[in-house]
Structure formats: C-alpha cells, structure tokens
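Ready for a short walk through this structure? Keep your viewer open and select along as we go.

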Amino acid sequence: IFENYLESGISQVLSKATSKPPRIVYGDKGSVKQVADGSIIKRFDKTPYPVKPTDVVCPHFLELKWAYGCPFDCSWCYLKGTFRFRPEGIKPAYKDLEKVKLHVETFLHEVETPEILNTGEIADSLMGENGDCPFSKFIISLFEKQNRHKVLFVTKSTNVKNLLEITSPRQAIVSFSLNAKPVAEKWEKKTPFVKKRIEAAKKLFEAGYEVRIRMDPMVPIENWEKYYIQLID
Ligand code: SF4
C-alpha cells in the first residue's frame, strides 16, 4: 500500500511504520484518549465542557489522522492557522498507511464502546482518491470487518467513484459540507459547485451510505435567509 501511494505521486509520507504493538490509552472518564502516541488516533479535547446553557458545545470526538491539509482554498479555513508554520501551508501530505492500518486495527479489535472516527478534521477525507490505493477503499475495508465502530468522511469533494464501488457499506458515514450559493462562490475557492456536492451526496445515499449534510459556517450575507432556505430546499 505504501509503495502504491508513492507510485501514485502523492507528495509526502510523514512517518515510518512501527512494528511495536500500539497501546490504547484511556482518559479519566474511561473513554479512549488516544492510541499509542496519538499520532494516528487521538481524541479532540482542546475545548472545555459546557457549563452554562449558553456555552458552546464542542464534542470531544476521535480524530483519525491519516493525512494533513486540503486541496481546496476556503477563505475561513482553520487549517491555515493550524499549519501556519509549515512551509507548504495546507498542501496535502499523507501518513504511512501501514502505521494507520496497525493503529486502526488495534483500536477496532480492542475498544468495546462504539465510537465514530473522524477522518476529516485536519484533511479533506476524499483528497486521497486518485492513486492505486484510494484512501476510502483502504479504510472502509478495515471498518467493514467489524460492526461496532464507524468511520466518518467529512468532505467538499465530489470524487465519490471509489465509494460507489463498495457494496453494502455499513460502517461508513459521509458528511458533505455545503453552503449558500453566493457564499460558496465567493469564499469556497477551488471547491466543486454546491449543486455537484448535493448530487454526489444523493448518489451515495442511493448506494446505501449513511449521508450527512453540514452547513458550516453560516455567513450573514445580505438576504441570508433566502439563500440558506434555497440551499435546504
Ligand atoms: S474544504 Fe475544509 S479543509 Fe479544505 S480548505 Fe475548505 S475549509 Fe479548509
């Protein structure tokens, strides 16, 4: 798999595989905190728990960090801040899939409480689809061997051809980020048209996937209600 990714022209591999079995690390409340050093699977826990009813609720979910960056160029992208000291900025870079496999398989085998692992927090989940070993097929093949945990794709891509080749996906969720048309046209640069993203979501839904839609961020443009209602319709 590693060789395939190199041959497919993907730009960087950031870490080497390790033969040492990874250890599951649990947090104070008994939930998984991370696997081994947390370089592949780690709980996002940078935000405080809400105390007042008016506090923001930011879930402490598990990140599956298989890659960094994004080929798109949204004006508000927080990755630009996260990777501000990286010379390549948000240019996509990929981790060693043998290490990803080892950590994911250990997690799936050992963790008994059902979890959803998010592959789209520091990357677009569908940015690794064009090589000989597409990420979607690689990761779903691991999750489909069990029925407890699910893998979450978060994307603005419409490159769903590999997902459509997978029959009866039970353990994968695909979440498309959408926005009102004038907002996407002005600030979501290099992304597929919103209509095309909706068409991709429909195809996956009809193929049996659990599909979600995110409207994020909502931008207070003039006539915002009209444009966001159009999006929902
Ligand atoms: S699609 Fe998401 S990760 Fe990619 S540039 Fe836009 S906001 Fe950033």
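How many disulfides does the count come to? The count comes to 0 disulfides in this predicted model. To see an example, select Cys-58 and Cys-77: the sulfur of Cys-77 is the closest cysteine sulfur to that of Cys-58, yet it lies 16 Å away, too far for a bond, because a disulfide needs the two sulfur atoms within 2.5 Å. While you are there, colour by accessibility: Cys-58 is partly exposed, with a relative accessible area of 29%, whereas Cys-74 is buried at 7%.

Next, move to the interior. Select Leu-64, Ile-139 and Phe-153, the residues with the most contacts inside the largest nonpolar core, which has 48 residues. Helix 4 (residues 135-143) gives this core its largest share, 6 residues. A second, separate core has 8 residues, including Cys-70, Leu-79, Phe-83 and Ile-122.

Now centre on Phe-153 and show its surroundings. Beyond its neighbours within four places in sequence, Phe-153 is in contact with several residues, among them Phe-135, Ser-136, Ile-139 and Ile-140. Its contacts also include Leu-163 and the run Ala-172, Ile-173, Val-174 and Ser-175.

Finally, switch to a surface view. Select Ile-213, Met-215, Met-218, Trp-224 and Ile-232, which make a nonpolar surface patch of about 510 Å². Strand 12 (210-215) and helix 8 (224-232) each supply at least two residues of this patch. For a last stop, click on Met-215 in strand 12: Met-215 counts as partly exposed, because its relative accessibility is 32%.

Key: Residues numbered from 1 in each chain as written. Predicted model: local features only at pLDDT ≥ 70, side-chain atom pairs only at ≥ 80, totals over all residues. Heavy atoms only, no water. Core = buried A, V, L, I, M, F, W, Y, C linked by side-chain atoms within 4.5 Å. Buried < 20%, exposed > 50% of the residue type's maximum accessible area, 1.4 Å probe, protein only. Helix = DSSP H or I, 4+ residues; strand = E, 2+ residues; numbered from the N terminus. Contact = heavy atoms within 4.5 Å. Patch = residues over 30% accessible without salt bridge, like charges linked within 9 Å, V, L, I, M, F, W, Y side chains within 5 Å. Areas by Shrake-Rupley, 256 points an atom, 1.4 Å probe, with all protein chains shown as cover. Salt bridge = Lys/Arg side-chain N within 4 Å of Asp/Glu carboxyl O.
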